[in-house]
Amino acid sequence: MIKGIITKGIGGFYYIEANGIIYECRARGRLRKEKIIPLVGDKVMATIDCKSAKGVIEEILERDTELIRPPVANVDQVVIVFAIQQPDPNLGLLDRFLVMAESEMLDITICFNKIDLDNYNRVQELKNIYMHANYHVITTSTKHNIGIDAFKEILKDKVTVFAGPSGVGKSSLLNTTQPNLALKTGEISQKNERGKHTTRHVELLELDFGGWVVDTPGFSSLDIDYIEVEELQYLFREFLPFIGDCKFKGCQHVNEPNCAIKERVFENKICQSRYDSYLQLLQKINQKRRY
Ligand code: GDP
Ligand code: ZN
């Protein structure tokens, strides 16, 4: 028996990496009967026929996390990439990615890329907002080779999924860490040339300095229907110390009097843009519930 990790699954075959070798495996019939479907990222025990490098998955080890989009098990963290410009950062969208990542309980790093295009100290402004909200923020430029070591340090020995709009530099960032990923990461886009969403197989790409990256961006559909109104406040981490201090139990921090969250926004202890995103998302979730 060997212990390995599923890097790819196609048509009932699973490709398992163990000690630098890839084995083509099928799942034991018993697993199928029990409706246990192996996922990319699963750590598995497999029996191997050494001559053919083929094998059978006998057991799937317990999953730490299970992401739905893309379907990958045991993802450690998400790196959310936005550009300083081209395209201009949409903070409402960034906050949505953050909410989704928080609800999946992933570790989070925010990466602001293309800092070579910064003319108006926008980088500092963005860093202030998100460091104030207790996020780990890095700034990079693939063009001027800035921040790439810090970026690699974050990826090292982890399983990472990327999120962020297209055109912000996700593929470029990966390519700077490891040029031989270049071919494969050309595909790290949500759409093909005709602008249509493609259904393709998810794959884990191995980093030669240790770690894995998921070749498909996460959270692309951006639906937040599954989040409950009461849950949303807990997904804004800088709100956490103040939840429970409001006058009304069940305060949604909108129009209620003596709201601790609104008071913190007034005192600039919580950033206005983050609070605005909270209100927007709250409204969206409330609207969904009515139908
Ligand atoms: P993705 O869609 O997020 O994977 O983005 P790409 O990696 O395909 O990059 C989109 C465009 O931004 C390409 O034309 C890159 O050359 C460019 N780009 C990537 N990183 C940087 C950067 O740090 N500075 C500048 N000025 N352009 C960049
Ligand atoms: Zn409140």
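Which helix is the place of Arg264? Arg264 sits in helix H8, residues 260-266, and we will come back to it after a look at the whole chain.

**Before you start clicking**

This is a predicted model, in which local features need pLDDT of at least 70 and side-chain atom pairs count only at pLDDT 80 or more, while totals for chains, interfaces and linings use all residues. Residues are numbered from 1 along each chain as its sequence is written, chains are lettered from A and ligands numbered from 1 in the order in which they are written, and side-chain values use heavy atoms, with hydrogens and water left out.

**Stop 1: the whole chain**

Show the protein chain as a cartoon and you will find 9 helices and 13 strands. Helices (H or I, at least four residues) and strands (E, at least two) are DSSP runs, numbered from the N terminus. The radius of gyration of the chain is 21 Å, close to the 19 Å from the globule rule for 291 residues, so the chain is as compact as a globular protein of that length. Here the radius is taken over C-alpha atoms, and the rule is 2.2 Å times the number of residues to the power 0.38. Along its principal axes, the C-alpha trace spans about 70 × 45 × 35 Å.

Now colour by accessibility: buried residues make up 47% of the 291 residues. Buried means under 20% relative accessible area, exposed over 50%, and partly exposed in between (1.4 Å probe, protein chains only). The areas come from the Shrake-Rupley method with a 1.4 Å probe, and for residues only the protein chains shown count as cover.

**Stop 2: Arg264 and its partners**

Select Arg264, which counts as buried at 15% relative accessibility. Its C-alpha atom and that of Phe239, 25 residues apart along the chain, are separated by 8.9 Å.

Next, add the side chains of Glu263 and Glu267. Arg264 forms a salt bridge with Glu263, where the closest N and O atoms are 3.8 Å apart, and another with Glu267, where the closest N and O atoms are 2.9 Å apart. A salt bridge is a side-chain nitrogen of Lys or Arg within 4 Å of a carboxyl oxygen of Asp or Glu. Glu263 is partly exposed, with a relative accessible area of 36%. Glu267 is partly exposed too, at 40%. Add Lys269 to the selection: salt bridges that share partners join Glu263, Arg264, Glu267 and Lys269 into one network.

**Stop 3: a bridge across the sequence**

The structure holds 13 salt bridges. For another of them, select Arg274 and Asp95, whose side chains meet at 2.8 Å, N to O. Arg274 lies in helix H9 (residues 272-290) and Asp95 in helix H2, so this pair ties together parts that are 179 residues apart in sequence. Are these two residues buried or exposed? Both Arg274 and Asp95 are buried.

**Stop 4: two cis peptide bonds**

Go to the loop between strand E8 (77-83) and helix H2 (91-103), where Pro87 is placed. The peptide bond from Gln86 to Pro87 is cis, with omega near 0°. Gln86 belongs to the loop between E8 and H2 and counts as exposed at 52% relative accessibility. Try a distance from here: the C-alpha atoms of Gln86 and Ala101, 15 residues apart along the chain, are separated by 24 Å.

Then select Pro70, in the loop between E6 and strand E7 (72-73). The peptide bond from Arg69 to Pro70 is also cis, with omega near -10°.

**Stop 5: positive phi without glycine**

Which phi does Ala53 have? Although it is not a glycine, Ala53 has a positive phi of about 60°. Look for Ala53 in the loop between strand E4 (43-49) and E5; at 25% relative accessibility, Ala53 counts as partly exposed.

Met105, likewise not a glycine, has a positive phi of about 60°. Met105 is in the loop between H2 and strand E9 (107-113) and is exposed, with a relative accessible area of 70%.

**Stop 6: a charged patch**

Finish with a surface view and select Glu62, Asp64, Asp76 and Asp107, which gather in a patch of negative charge. Patches are made of residues with over 30% relative accessible area and no salt bridge, with like charges joined within 9 Å and nonpolar side chains (Val, Leu, Ile, Met, Phe, Trp, Tyr) within 5 Å. Lys and Arg count as positive and Asp and Glu as negative, while His and the chain ends are not counted. The place of a charge is taken as NZ of Lys, CZ of Arg, CG of Asp or CD of Glu. Within this patch, Asp64 lies in the loop between strand E5 (54-60) and strand E6 (66-67), and counts as exposed at 64% relative accessibility.
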